[in-house]
Amino acid sequence: MNLSSQPLPKSVILSEVSRALCDSRSRRTCSPARSRTPARSFLTRVCLALLLALLPTAANAHVGNKDVFEQIHAGPYTLFITIRPPNVIPGVASVEVRTSGPAITSLRITPIPLTGEASKHPPASDAMQRATSDLQFYTGSIWLMREGSWQVRFEVDGAAGPATAAVPVAAVPLSILPMQKPLGTLLAILGLILALGMAGIVAAAVGESRLTPNTQPDPTRSRRSLIAFAVSFALVAFIIVLGAKWWNVEAAGYAADLYHPSDLHLSLEGSNLRLLIGDPDPKAPNGWQPLHNSDLLLDHGHLMHLYAIRFPEMDAAFHLHPAPTGSKGLAEQLPAMPPGTYKLFADVVYLNGFPETELATLTIPANLSTAPLGPEDASATPAPLSSGDLGPAYKLPDGYALSWDRPASITANTAYSFRFTLLDPTGHPATDMQPYLGMPGHAAFVKADGSTFAHTHPDGSAAMPAVMMANGGNDPDMDTTSMPGMSMPEPISSTVSFPYGFPSPGRYRIFIQMKHASTIETGVFDAEVK
């Protein structure tokens, strides 16, 4: 089901969003970006970001995915939401909404920090625009003024009365944008004209300012005028050089604040995998400071969801859940895994609701372990990528099968609702369904080159603890074991849908996990994205 594909208008208002300035002490409290340079003035940061926004782009929780795809319920109204955060901060995020349920008369949006004092003082909301050709499709845009954890609050009014809901958004600067050559050439020419004009004004003042009307300057005045021109032009050029150096320093400072995830350090002791998350810290004994487990929130009952996928063929995949070991670090007794090189994608959520995927590579030797999978872990050994497309149906080892209602074609940067059904050995929808980690299913979308990874749920791609914080309060110490969606209605459907949009063209492999009786199934599908 294609949820949206229409272009957005660019009308935005700053309103009172400048009040939404969050405390940037660290990633765990507010800002997810490291600050290695002294604080710059807000005006300087805004000017730099706006100038960079005029230039072409290069590319959090999810690797290679900055967009948020979410299905939420605001009272009786269902909203299929796509939020596309900007690459530079401050910047404009575009918002698309497809509605269902009772008729809606108005839909308004507000950007608010997810935590902190500013979250208690929201700015004025902005009205979303209804598409003239599709009365259930709305578009809008908002300013995100600082990096960190935000929420977009949706205010709905319609036939069933008013209702509100919120979607968390991680806003981070992702790129520095190179200058377009035509624009650079134009600015250089205009700058040269301005410099020559300033030098010409000084030369005219020296050579002709004291002459009586209709009098020509003598050779001495002409010589002084020429010297004044040369000196003033050199002075202007020197000022330009100093300005360029200042600009380079500011640009370097902005580049130092570009987002990249924390470091994931790992060690393999026998079959016991130990993991530490941390950041470079010159004050630490080894120049690197591991985080405390208390810096993380539980997500579906676990501090970390670890996907280990064997590359380059993606013919072995494991969904693991390392457990805390003391106050720092996590560990997992690895199950029997085919030998090879695995890319690790470790999902965590910080106290302020900011989700992050840490990356690492692990080489598994032959005969490492014969241990079974953990009770909540899952695995799959599909055919390698080089063997061809896996198709829309995947046979499971116990006779069950997973089928994908695959669209005829899939395009990048378009929101879809991908639907999968678990079938019993007779080919009918399974009737013994159970929740897996509190959800009807889990999905991982992974690009063949490993540049894109997204662990999503039927409600969408946002981290569940952040969703709870956005809709249930701003207390980062809240109990996240009772998150929305953790208690499933009975019976659970054998069909599950995942809102998602592929960020770029190419080949992807999709891993779907569902549970029936006491068995966790993993179906694997391939997608070619145009």
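## Strands β22 and β23

In this predicted model, β22 and β23 run antiparallel and pair over four bridges. One residue to look up here is Trp404, whose bridge partner in β23 is Phe420.

On its other partner, β22 meets β21, again antiparallel, with three bridges joining the two. Lys395 has Ala401 in β22 as its bridge partner. Five residues sit between β21 and β22 in this hairpin, and Gly399 in the turn has a positive phi of about 95°.

## Aromatic rings around Trp404 and Phe418

Searching the whole structure turns up 19 aromatic pairs. Take Trp404 and Phe418: the ring centres are 5.8 Å apart and the planes sit at 75°, and since an angle over 60 degrees counts as edge-to-face, that is what this pair is. Trp404 is in strand β22 and Phe418 in strand β23, so the pair links distant parts of the chain, 14 residues apart. Are these two residues buried or exposed? Trp404 is buried, at a relative accessible area of 4%, and Phe418 is buried too, at 1%.

Phe418 also pairs with Phe445, this time in a tilted arrangement, with 6.1 Å centre to centre and 40° between the planes. Because Phe418 belongs to strand β23 and Phe445 to strand β25 (residues 442–447), this pair ties together parts that are 27 residues apart in sequence. Phe445 counts as buried, with 0% relative accessibility. Trp404, Phe418 and Phe445 all belong to one aromatic cluster, whose members also include Phe69, Tyr394, Tyr416, Phe420 and Phe498. Tyr500, Phe502, Tyr508 and Phe525 are in that cluster as well.

Elsewhere, a charge sits over a ring: Lys343 lies over the face of Phe311, at 4.7 Å from the ring centre.

## Salt bridges

Side chains of opposite charge can pair when their charged atoms come close. The count for this model comes to 11 salt bridges. Two of them involve the loop between β22 and β23.

One is Arg406 with Asp389, where the closest N and O atoms are 3.3 Å apart. Arg406 is in the loop between β22 (401–404) and β23 (415–423), while Asp389 is in the loop between β20 (378–380) and β21 (393–395), which puts the partners 17 residues apart. Arg406 is partly exposed, with a relative accessible area of 29%.

The other is Arg419 with Asp405, with the closest N and O atoms 3.3 Å apart. Arg419 lies in strand β23 and Asp405 in the loop between β22 and β23, so this bridge ties together parts 14 residues apart in sequence. Both ends are partly exposed: Arg419 at 42% relative accessibility and Asp405 at 48%.

Away from these strands, Glu117 forms a salt bridge with Lys120, the closest N and O atoms being 3.6 Å apart. Lys120 is exposed, with a relative accessible area of 57%. There is also a network of salt bridges, linking Lys66, Asp67, Arg84 and Glu96.

## Helix α2

How do the 28 residues of helix α2 (residues 181–208) compare with the expected span? At 1.5 Å a residue the helix should span 40 Å, and the end C-alpha atoms are 39 Å apart, which agrees.

Which residues of α2 are buried? They are Ala195, Ala199, Ala203 and Gly207. These buried residues pack against α3 (219–256).

Terms used: Residues numbered from 1 in each chain as written. Predicted model: local features only at pLDDT ≥ 70, side-chain atom pairs only at ≥ 80, totals over all residues. Heavy atoms only, no water. Salt bridge = Lys/Arg side-chain N within 4 Å of Asp/Glu carboxyl O. Buried < 20%, exposed > 50% of the residue type's maximum accessible area, 1.4 Å probe, protein only. Pairing = 2+ DSSP bridges. Expected span 1.5 Å × (residues − 1). Contact = heavy atoms within 4.5 Å. Phe/Tyr/Trp six-rings, centres within 6.5 Å; stacked < 30°, edge-to-face > 60°. Lys NZ or Arg CZ within 6 Å of the ring centre and 35° of its normal.
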